[in-house]
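Here are my notes on the structure, as numbered points. Please read them with the coordinates open.

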Amino acid sequence: MQSSTNPSDEKKARGNFWKRALGVLFLLPAWFAPHTKLRIFFHRLRGINIGKGCEVGYFVIMGNVHPEMITIEDGAVVTAHCTLLEHDNAYYYTGRGAVDSRPVVVKKKAFLGIGCVVFPGVTIGERAIVGAMSLVKRDVAADSVVCGQPARTKAPKPADLHSPTPNSQLLTNILASRNAFEPKNVQKRRKKFQWIETRKCNH
Ligand SMILES: CC(C)(COP(=O)(O)OP(=O)(O)OC[C@H]1O[C@@H](n2cnc3c(N)ncnc32)[C@H](O)[C@@H]1OP(=O)(O)O)[C@@H](O)C(=O)NCCC(=O)NCCS
């Protein structure tokens, strides 16, 4: 790559001052607020485009220089410790090339597993699954499952192994038979605390 001291590149590398200030101001609550809706609220204030019904986990690093370049579409899930890079200054900072700033799009109902890293310019297709700790440098096709470093497409598992898995079906049966033999006062107490069993996972 060519050496780059282009002022527009420099501006790109630093980003607009006020946008960056806003992005930094809400960074901590966006990372560590105790509920997904709060984290999404603060990420939106930072300038990230997040659709309806999404979930964003703890400590998700995204769009630190150009938050507006990150789009998470309706129903997509970005779990804890994911990193979505909209810029790569590696060649710029070492004087060997230009800044690579490209948008990242997570399409509807896609799922990013714990700790994965998505590079600039990548689009994660609708309902695609990215495995935990994967490194994604290329677009991911809709409905596919990718994992690994770098992420590669994995053959999909037969649907009957997923919902519900044989073990979870077994667990449901055991719980149902347990409830049938429980004394009334225990059942009452269980009902009181049922919200804990049924609450959504807060990634
Ligand atoms: C990607 C994923 C959905 C695949 O699940 P699965 O279909 O049950 O796949 P399997 O466990 O049968 O694994 C199949 C192969 O892929 C590999 N693999 C699975 N997940 C992987 C990952 N994250 N990174 C690298 N390889 C992975 C397995 O080692 C296995 O390889 P092998 O065939 O050579 O033995 C799952 O492993 C995953 O990462 N889920 C995300 C979990 C997560 O982050 N949840 C957030 C909290 S809700």
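1. **Packing of α4.** This is a predicted model. In it, the buried residues of α4 pack against two helices, α2 (17-25) and α3 (27-32). They also pack against two strands, β1 (49-50) and β2 (55-56).

2. **Which residues of α4 are buried?** The helix spans residues 36-46. Its buried residues are Arg39, Ile40, His43 and Arg46. Viewed down the axis of α4, these buried residues fall within an arc of 115°, so they line one face of the helix.

3. **After the helix.** Gly47 follows α4. The phi of Gly47 is positive, near 115°.

4. **First sheet for review.** β1, one of the strands that α4 packs against, also belongs to an open sheet of 4 strands. The order is β1-β4-β9-β12, and the pairing is parallel. β1 and β12 (123-124) are the edge strands. Each of these two pairs on one side only.

5. **The β1-β4 pair.** Strand β4 covers residues 70-72. It pairs with β1 in the parallel sense, over 2 bridges. Ile50 has Ile72 of β4 as its bridge partner.

6. **Another sheet.** An open sheet of 4 strands has the order β3-β6-β11-β14, again with parallel pairing. Why is one side of β3 and of β14 left without a neighbour in the sheet? β3 (61-62) and β14 (135-136) stand at the edges, and each has a single partner strand, so one side of each stays free of a neighbour in the sheet.

7. **The β3-β6 pair.** Strand β6 is made of residues 83-84. It runs parallel to β3, and 2 bridges join them. The bridge partner of Ile61 in β6 is Thr83.

8. **Ligand surroundings.** There are 15 residues around the ligand. Those that come nearest are Gly113, Ile114, Gly131, Ala132 and Cys147. What is the make-up of the shell by class? It has 7 nonpolar, 6 polar and 2 charged residues.

9. **The chain as a whole.** The secondary structure comes to 8 helices and 16 strands. The chain has 203 residues, and buried residues make up 26% of them. Of the contacts with a separation of 6 or more, 31% are between residues 24 or more positions apart.

Terms used: Residues numbered from 1 in each chain as written. Predicted model: local features only at pLDDT ≥ 70, side-chain atom pairs only at ≥ 80, totals over all residues. Near = placed C-beta within 6 Å. Nonpolar A, V, L, I, M, F, W, Y, C, P; charged D, E, K, R; others polar. Buried ≥ 20, exposed ≤ 12 C-beta atoms within 10 Å, placed from the backbone. Arc of directions from axis to C-beta. Contact = placed C-beta atoms within 7 Å. Pairing = 2+ DSSP bridges.
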